[in-house]
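This report describes selected side-chain contacts, internal spaces and backbone features of one protein chain. It begins with contacts between charged side chains and then turns to pockets and backbone geometry.

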Amino acid sequence: MADAQAKLIDGKVYAERLRAQVAAEVAELRANHGLQPGLAVVLVGDDPASEIYVRSKGEHSLAVGMHSVTHRLPADTPQHDLLRLVGELNVDPLIHGILVQLPLPKHVDEKAVLAAMNPDKDVDGLHVVNAGRLAIGQAALVPCTPLGCMILLRETVGDLTGLRAVVVGRSVLVGRPISQLLLQADCTVTVAHSRTRDLPAVCREADILVAAVGRPRMIRGDWIKPGAAVIDVGIHKRADGSLCGDVAFDEVREVASLLSPVPGGVGPMTVAMLLRNTLKAAKLSAR
């Protein structure tokens, strides 16, 4: 057991600092180069959770001085109409970042929509070109949540060189990209998942454990190496309306040295990283 409860990683503090840095750089770009980074968010349908995310992204981008546009389309929008909009945004000189809010309605092929996007405007980092660039260590637009996790780790753990990292989950949005980022940080990385044999034993090897498996409270306290840093990416709504993550918070807090809570840990970082990716895309467009 750890001598004391884990220190909680307050994602709101780091996200606020990041937004302030982005706002300062946006102001400098506008003043010195006449360039205002632009973000377009596309929402198809009226999913309440997606609506909240989209509104938050729009408000935060405006708050840091960016040009922000939200396209709201009916749930029955034909796929070819959505592809036409993406094509228009690809060539719009005022738009540097495009984000199509997922999930899309079932009649729309998500892969086709993502493939139609200009990879240099893909601020969600989901285009196969960006995934390939990340995999071979080239500069890429990387999914926002893994980027946010890495900043939290660097700010709280420090030098990650040589540490054993276990990522539980292999999604293209979190598990796979964060494993690549941890490799680039010179960690020794194991990607585990729900079918991994003796998953608890694998998790107990981790100096850094990233839980992104999508199952509420799956990672238990006795799965954790004493003193490990635990990043909980999951978010689930309980029957009573409260939120929980992929780790059993009360148990894990007694063993780990660092723990990101849900809510308030990784979540705030995701929108902040979206802003940073949009700024990066604007700089790349202007070289």
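A salt bridge is taken here as a side-chain nitrogen of Lys or Arg within 4 Å of a carboxyl oxygen of Asp or Glu. The model is predicted.

## Salt bridges

Ten salt bridges are present in the structure. One of them pairs Lys 283 with Glu 25, whose closest N and O atoms are 2.3 Å apart. This contact links distant parts of the chain, as Lys 283 belongs to helix H10 (residues 267-286) and Glu 25 to helix H1 (residues 11-33), 258 residues apart. Lys 283 has a relative accessible area of 38% and is therefore partly exposed. Glu 25 is likewise partly exposed, at 31% relative accessibility.

Glu 51 forms a salt bridge with Arg 72. Here too distant parts of the chain are linked: Glu 51 lies in helix H2 (residues 48-63) and Arg 72 in strand E3 (residues 67-73), with their positions 21 residues apart in the numbering. Arg 72 counts as partly exposed, with 47% relative accessibility. The contact is part of a network of salt bridges that links Glu 51, Arg 55 and Arg 72.

A further salt bridge joins the side chains of Lys 12 and Asp 10. Lys 12 is partly exposed at 49% relative accessibility, and Asp 10 is partly exposed at 32%. The N to O distances of these three pairs are listed below.

| Salt bridge | N to O distance |
|---|---|
| Lys 283 and Glu 25 | 2.3 Å |
| Glu 51 and Arg 72 | 2.9 Å |
| Lys 12 and Asp 10 | 3.5 Å |

## Nonpolar surface patch and largest pocket

On the surface, Tyr 53, Ile 235 and Leu 243 make up a nonpolar patch, and their accessible area together is about 270 Å². Ile 235 sits in the loop between strand E8 (229-232) and strand E9 (236-237). Its relative accessibility of 47% makes Ile 235 partly exposed.

The largest pocket has a volume of about 1,500 Å³. Fifty residues line this pocket, and those closest to its centre are Tyr 53, Thr 145, Leu 173, Ile 235 and Thr 270. Tyr 53 and Ile 235 thus appear both in the surface patch and among the residues closest to the centre of the largest pocket. Elements that give two or more residues to the lining are H1, H2, strand E4 (97-100), helix H6 (144-156), E9 and H10. The greatest contribution comes from H2, which supplies seven residues. By class, the lining holds 26 nonpolar, 14 polar and ten charged residues.

## Second pocket and cavity

The second largest pocket has a volume of about 410 Å³. Its lining consists of 16 residues, and Leu 126, His 127, Val 128, Ala 131 and Val 172 lie nearest its centre. At least two lining residues come from each of helix H4 (110-116), helix H5 (128-135) and helix H7 (175-184). Ten of the lining residues are nonpolar, three polar and three charged.

One cavity of 30 Å³ or more is found in the structure. The largest cavity encloses about 30 Å³ of space, and its lining is formed by Leu 99, Val 100, Leu 102, Leu 114, Met 117, Asp 122, Asp 124 and Leu 126. Six of these residues are nonpolar and two are charged, with no polar residue. Leu 126 is named both in this lining and near the centre of the second largest pocket.

## Backbone geometry

Most peptide bonds are trans, and most residues other than glycine have a negative phi. Which peptide bond involving Leu 102 is cis? The bond in question joins Leu 102 and Pro 103, with omega about 0°. Pro 103 is placed in the loop between E4 and H4. Leu 102 is also one of the residues that line the largest cavity. A cis peptide bond also runs from Val 262 to Pro 263, with omega near 0°; Pro 263 is in the loop between strand E11 (258-259) and H10.

Asp 198, although not a glycine, has a positive phi of about 50°. This residue lies in the loop between strand E6 (188-192) and helix H8 (199-203), and Asp 198 counts as exposed at 52% relative accessibility. Arg 217 also has a positive phi, near 55°. Arg 217 occupies the loop between strand E7 (208-211) and E8 and is partly exposed, at 30% relative accessibility.

Key
Residues numbered from 1 in each chain as written. Predicted model: local features only at pLDDT ≥ 70, side-chain atom pairs only at ≥ 80, totals over all residues. Heavy atoms only, no water. Buried < 20%, exposed > 50% of the residue type's maximum accessible area, 1.4 Å probe, protein only. Helix = DSSP H or I, 4+ residues; strand = E, 2+ residues; numbered from the N terminus. Patch = residues over 30% accessible without salt bridge, like charges linked within 9 Å, V, L, I, M, F, W, Y side chains within 5 Å. Areas by Shrake-Rupley, 256 points an atom, 1.4 Å probe, with all protein chains shown as cover. 1 Å grid on protein atoms, 1.4 Å probe; cavity = no way out; pocket = protein on both sides within 12 Å on 5 of 7 lines; lining within 4 Å. Points joined across faces, edges and corners; volume = space filled by probe spheres on them. Nonpolar A, V, L, I, M, F, W, Y, C, P; charged D, E, K, R; others polar.
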